[in-house]
Amino acid sequence: MALITFGLQWAWSLPIYGLFTLPDMAVDSIAIDIGIGVGSGLAVVVLWRLCAQGFAWAQQMESEFRAVLGPLTSSEILALAFMSAFVEELFFRGFLQPQIGLEWAAIAFGLVHLPYRRQLIPWTLSAVAMG
């Protein structure tokens, strides 16, 4: 997906460095935004762990992901989470959002996460909400 993003950026004659530039913001503001992002991510993980302990739909969704991904170590889970987050941000925030706007990019993000099984619908809804 990262290669597709670079290809689209190049095909539309947009500078590749535009994917990686930050808006003109103070360093304090950027640090706060990073902190909010990391804190939000950790909150989602904690919330998910709580849901997986108490709700059948969350346990079923977790089983579906385990069936698709197989057994993963903690480091593999972290690597997968980091890579998917980086590439999704690169494409949806770096490339798509400046072209079509925040709302349409969020909808596209959710559509990309459409489930192949009914048990994964909560995953799609959370993708739309977080997108």
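Colleague: Where in this predicted model is the place of Ser40?

Modeller: Ser40 belongs to helix H2, which covers residues 27-54. With a relative accessibility of 40%, Ser40 is classed as partly exposed, because that class takes in values between 20% and 50%. Its C-alpha atom is separated by 9.8 Å from the C-alpha atom of Met130, although the two residues stand 90 residues apart along the chain.

Colleague: How many helices and strands does the chain have?

Modeller: The secondary structure comes to 6 helices and 0 strands. Read from the N terminus, the order of elements is α-α-α-α-α-α. Among contacts with a separation of 6 or more, 48% are made by residues 24 or more positions apart. Of the 131 residues in the chain, 20% are buried.

Colleague: How should I read a salt bridge, and how many are counted here?

Modeller: Side chains of opposite charge can pair when their charged atoms come close. The count here is 3 salt bridges. One of the pairs is Glu62 with Arg49, whose closest N and O atoms are 2.8 Å apart. This pair links distant parts of the chain, since Glu62 is in helix H3 and Arg49 in helix H2, 13 residues apart.

Colleague: Is Glu62 buried or exposed?

Modeller: Glu62 is buried, because its relative accessible area is 17% and the cut-off for buried is under 20%. Its partner Arg49 counts as partly exposed, at 38% relative accessibility. Apart from neighbours within four places in sequence, Glu62 is in contact with Trp48, Arg49 and Ala52.

Colleague: Which other side chain meets Glu62 in a salt bridge?

Modeller: That is Arg66, at 3.4 Å from N to O. Glu62 and Arg66 are 4 residues apart in helix H3, so about one helical turn separates them. Arg66 counts as exposed, at 53% relative accessibility.

Colleague: Where do Glu89 and Arg93 lie?

Modeller: Both are in helix H4, 4 residues apart, which is about one turn of the helix. Their side chains meet in a salt bridge of 3.6 Å, N to O. Glu89 is partly exposed, with a relative accessible area of 43%, and Arg93 is also classed as partly exposed, at 30%. As for shared partners, salt bridges join Arg49, Glu62 and Arg66 into one network.

Colleague: With which side chain does the side chain of His113 make a polar contact?

Modeller: The partner is the side chain of Glu88, at 3.0 Å. His113 lies in the loop between H5 and H6 and counts as buried, at 8% relative accessibility. Leaving out neighbours within four places in sequence, the residues in contact with His113 are Glu88, Trp123, Thr124 and Ala127.

Colleague: Which residues make the nonpolar surface patch?

Modeller: The patch consists of Val68, Leu69, Leu72, Ile77, Leu80 and Tyr116, and has an area of about 550 Å². Helix H3 (56-69) and helix H4 (74-100) each supply at least two of its residues. Tyr116 comes from the loop between helix H5 (102-112) and helix H6 (121-130). Tyr116 counts as exposed because its relative accessibility is 51%, and the class begins over 50%.

Colleague: What is the accessible surface of the chain?

Modeller: It comes to about 9,300 Å², and 71% of that belongs to carbon and sulfur atoms.

How values were computed: Residues numbered from 1 in each chain as written. Predicted model: local features only at pLDDT ≥ 70, side-chain atom pairs only at ≥ 80, totals over all residues. Heavy atoms only, no water. Patch = residues over 30% accessible without salt bridge, like charges linked within 9 Å, V, L, I, M, F, W, Y side chains within 5 Å. Areas by Shrake-Rupley, 256 points an atom, 1.4 Å probe, with all protein chains shown as cover. Salt bridge = Lys/Arg side-chain N within 4 Å of Asp/Glu carboxyl O. Buried < 20%, exposed > 50% of the residue type's maximum accessible area, 1.4 Å probe, protein only. Contact = heavy atoms within 4.5 Å. Polar contact = N/O pair within 3.5 Å; in protein donor to acceptor, adjacent residues only side chain to side chain.
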